[in-house]
Amino acid sequence: MTLAASRLCLFIAFLAAAPPYLLGQGLTVALTPEETKIVREVADKEFQAIALSQSNFRIMGGQPALNGRPQAYSAPLGDLTAFQGSASTSPRTNAIVPLGEEIVTPVPGDTARRAVATRYLYGRGAVARIFVDLQSKVVVGRDIHFNSPAPLAEEEIKKALEIARARNSELNVALAGALPDDITVYAQPIINNNQASSRYAHRLTEIFVGLQGADRPIGRFFVDLSVEELVVGRH
């Protein structure tokens, strides 16, 4: 065995035996199913508090430094919304949409194993993140980003198509008889920064709808998921 091959074998053995937190910046192990369950159970209580409570709420930075404490401040939840002070129409839903959970790469020298859960909060017009320590199963950080870009969840894409079909007869006719697997949908979120707009900070998306094997899409549609309206559809 060559020296290089010997080193490779030793490295592989190290990866197999080492605790996850020792794997370093570039080798962070993904969440296990059990860890994902922990993150969801701990974080979802916090998301509910942000979305529904009217009491003060403590917002902290996302990841504390080694042996340090994150900066924090308290604010009334009435202020934790993108809509306050704008001409925006209130959303029709307080839905909390899961956007995923993932491991947090530790800062150098930090041996804690943490994860972050991300949700879109329709009632706040915001993306919220909750950081959880996987060993102690406690929240170590929270942050909220108002009217901020965030990927669409699969359920939101399906909802956008449903709204477009219900409010555009041409699209509905074009898709008549098509099976779900026959329909193609490309979706991207849109940010409206105009505070004088009734759709300011709404969950807006542009979708291109087509059929498998077709040379061109059926059309492009703009959907407001916050109030479940088709803004405009173009063929």
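**Notes on the fold**

1. To get your bearings: the protein's secondary structure amounts to four helices and ten strands. Keep in mind that this is a predicted model. Going along the sequence, the elements come in the pattern α-α-β-β-β-β-β-β-α-α-β-β-β-β.

2. A good place to start looking is the open sheet made of four strands, in the order β3-β4-β5-β6, with antiparallel pairing. The edges belong to β3 (96-104) and β6 (138-146); each has a single partner strand, so one side of each has no neighbour in the sheet. On average, neighbouring strands here are turned by 20 degrees against each other, if you ignore direction.

3. As a quick reminder on sheets, strands pair through backbone hydrogen bonds, and the pairing can be parallel or antiparallel. In this model, β3 and β4 (residues 114-121) pair in the antiparallel sense, over eight bridges. If you want a spot to click on, try Pro98, which stands opposite Arg119 in β4.

4. Next, have a look at what lies over those strands. Helix α2 (residues 33-52) lies across β3, β4, β5 (126-133) and β6. Relative to β5, helix α2 runs at about 135 degrees.

5. Now the protein as a whole. How much of it is buried? Of the 235 residues, 40% are buried. The exposed surface comes to about 13,000 Å², and 53% of that is supplied by carbon and sulfur atoms.

6. One last point, on contacts along the chain. Taking contacts between residues at least 6 apart in sequence, 56% join residues at least 24 apart.

Notes
Residues are numbered from 1 along each chain as its sequence is written. This is a predicted model: local features need pLDDT of at least 70, side-chain atom pairs count only at pLDDT 80 or more; totals for chains, interfaces and linings use all residues. Side-chain values use heavy atoms; hydrogens and water are left out. Two strands pair if DSSP finds at least two bridges between them. Helices (H or I, at least four residues) and strands (E, at least two) are DSSP runs, numbered from the N terminus. Axes are lines fitted to C-alpha atoms, for helices over the stretch in contact, and angles run from 0 to 180 degrees between N-to-C directions. Contact means heavy atoms within 4.5 Å. Buried means under 20% relative accessible area, exposed over 50%, partly exposed in between (1.4 Å probe, protein chains only). Accessible areas come from the Shrake-Rupley method with a 1.4 Å probe; for residues, only the protein chains shown count as cover.
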